[in-house]
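Student: I've got a model open and I'd like to talk through how some of its pieces pack. Can you take me through it?

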Amino acid sequence: MSPSSPLWSLVRLTGAAVAAGALVAALTLPAVGGTGSLVVSATETLDLKPAQLEEPPLAQTSVMYDAKGNRIAQFYAENRKVVRLDQIADVMKTAIVAIEDYRFYQHGAIDFEGTVRALVKNLSSGGIAQGGSSITQQYVKQVLLNSADTEAGKNKALEASYARKLKELRYAMGMEQKYSKNEILRRYLNIAYFGAGANGVEAAARRFFGVSAAHLSLAQAATLAGAVQNPNRTDPELGKQARELLLGRRNVVLDRMAQLGRITPEQAAQAKAEKLGYKGVDAPNGCQDSPYPYFCEYVRYELLTNPAFGGTQRIREQRFERGGLKIYTTLDPRAQRAAEAAVRKHVFASDHAVAAEALVEPGTGEIKAMAASRPYGRSAKRKEISYNPVADKRHGGLIGFQAGSTFKTFTLITALAQGMKIDDGISVTNAYTAPGSASFKNCKGQNMGIPSWTVTNDEGSPGFKTLATGTWGSVNTFFMALEQRVGLCETVQTAKSLGIRRADGGPLQEYETFTLGINEMDPVTVAAAYAAVAARGTYCAPMVITKVSAGTTTSYKPSCRKALDPEVADATAQVLSGVFTKGTMRGVGGIGRPAAGKTGTTDGYATAWFAGFTPDLAGAVSVGDPRGSQRYKLTGVTIGGRYFGAVAGASVPGPIWKDTMMAALKDVPASDFTPVNTARFGGCDQSCAPAREERPDTAEELG
């Protein structure tokens, strides 16, 4: 007889079935076309020994939480949540065993009766028409399928061949040695695909019926048990015909359960009278389905790019998409609501300009909120944006916007650190020109002074400006002269010590106009820099993840370092406090508690900023046109339903910051800044007026 003949296949596979049950030495079957018998040695011919199958961890859904423990997003390559056997309703276990392998608890790795019955059917059809697989064999097939990482591998795991069947038998024997029957059933119910994108019984119960697997009814359990046979054909998401097929399969399961005595005929009839009941509960997947998409995107990029969460990109992706992580974040729901309300109050989603805001906690670097005026997504019709305007490029942003005069704070800090007092100053005119090419040097020692380039003030007043009055009025020519005095490189180094780096990840542009904010920034980076001043010179890298749990829990602590002399930070806060009462934010006003900050407007009103802080919270707001800020400037524009001839830092960003802080800190007791050391820095305490108080420029600064 030819080894390729159907009878030979029958002999071999029947031998496998017997061997699996009793491992007998030989099997005798009548020969085809004559008398006598054919003896096949099962163990020698088939090598039917238990084989151990590697079981990679099942892909599970990763879930992201805010600081209060509320779920804010979930991510999955396969929608699945692995559960214990006691978290699955008994009726579900009964239903799946009844329809898939009713002798599951009586036979070994292979159901001899079922396998022979299937083989006879297969021989008569000339191929594999019936599986006859036990639940253990089905589990093995699912493991092989899930382990395949290529399309060819998946096809091999599903191919209709006796070679695959024999391999599955060996692995099934190994499984029966390794696990109890209950454990095999649990693993099968967690790995099986039920349709509608639901993997495992828990995800299926929630997707189909909106309940947990522990609370499935008889009709619901029978529906899911019927779905596993051909889930792609009975997928209720495919429409009416598929739902009718699924309903028919449910009734087959109920009839079988009644036939086996697992339920009464009356219970079966009652369950069959119920409608299918499919609810199609949404299974959100990704940041686009999160209520806080920009914060979510920042966290996602952090998990995928930071080596702290895995040594390679592939490892990080596998853990995130398949590892069932519980990701706990720093997001404060109150602060987030405050930022969103303020941003949307002042800038509409329909506006060309986009407002973005980040809130950072001084002393920890924890990002408490991220908000933007446009919805997240890819629909141009709905004015959605598919990048993160609050973040740098590494965290899903683009190139950012020039930060304008918010950078003057770094020149102020450098002057104070070099020994200048608050009332020390420089006499300036309305125009500044570098006295020579060597008047500014970058950190490579290169000359950056351009005598042919002139910086001017916008309706500014010339005269003597102190560190205080020059900051309050944001006088461009004063800060150019001040940067010349303290050093361009020194100012750059101050900025770097406070975490300043370009949003696009490139090197900082170290030109003489550095102090005027020519570098493109993102709100998170600027907010973290200002938070360091609030924390008396302690800079903490922006932080969004506090712990990650996946079986074991790993906690993450703030990454902080001393960046400034605390007394220098105190003096800086003292000067910036006057911006609200005597400076460019005077028309907007304060927030009813100690606060400090700096407006920022770029040349020609291309973009507008405000960055500020209290001892408890720092924030930065940017406004610009994502179509191209230099081409589409903030002049002659309508934003938030209000027309602006020109948008400055105090026009839109300042009010957004003010409204955000007042709401976010509403129930937080007010904290005071540490008083300035007047013996070192001069100036005044909170109760006295500055020695040379000057009225600030009526128009916001350029630069």
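Tutor: Sure. Let's fix one term: a residue is buried when its relative accessible area is under 20%. Keep in mind that this is a predicted model.

Student: With that cut-off, how many residues of helix 10 are buried?

Tutor: The buried list for helix 10 runs from Leu 218 to Ala 227, with Gln 220 and Thr 223 among them. What covers these residues includes helix 3, strand 5, helix 9, helix 11 and helix 12. Helix 10 is therefore largely enclosed by the rest of the structure, and the buried count is ten of the ten residues.

Student: How are helix 3 and helix 10 oriented to each other: roughly parallel, roughly perpendicular or oblique?

Tutor: Their axes lie 8 Å apart and the packing angle is about 40 degrees. Roughly parallel needs an angle under 35 degrees, and roughly perpendicular needs 65 to 115. So helix 3 and helix 10 are oblique.

Student: Which residue classes make up that contact between helix 3 and helix 10?

Tutor: Helix 3 brings residues including Val 91, Ile 96 and Glu 100, while helix 10 brings Leu 218 and Leu 224, among others. By class, the helix 3 contact with helix 10 comes to ten nonpolar, no polar and one charged.

Student: Over to the open five-strand sheet: which strands are at its edges?

Tutor: The strand order is 4-3-7-17-18, with mixed pairing. An edge strand pairs on one side only, and here those are strand 4 and strand 18.

Student: And what is the bridge partner of Val 63 in strand 4?

Tutor: Strand 3 and strand 4 run antiparallel, joined by four bridges. For Val 63, the partner in strand 4 is Gln 74.

Key
Residues are numbered from 1 along each chain as its sequence is written. This is a predicted model: local features need pLDDT of at least 70, side-chain atom pairs count only at pLDDT 80 or more; totals for chains, interfaces and linings use all residues. Side-chain values use heavy atoms; hydrogens and water are left out. Axes are lines fitted to C-alpha atoms, for helices over the stretch in contact, and angles run from 0 to 180 degrees between N-to-C directions. Helices (H or I, at least four residues) and strands (E, at least two) are DSSP runs, numbered from the N terminus. Angles under 35 degrees count as roughly parallel, over 145 as roughly antiparallel, 65 to 115 as roughly perpendicular and the rest as oblique. Contact means heavy atoms within 4.5 Å. Ala, Val, Leu, Ile, Met, Phe, Trp, Tyr, Cys and Pro count as nonpolar, Asp, Glu, Lys and Arg as charged, and the others, Gly among them, as polar. Buried means under 20% relative accessible area, exposed over 50%, partly exposed in between (1.4 Å probe, protein chains only). Two strands pair if DSSP finds at least two bridges between them.
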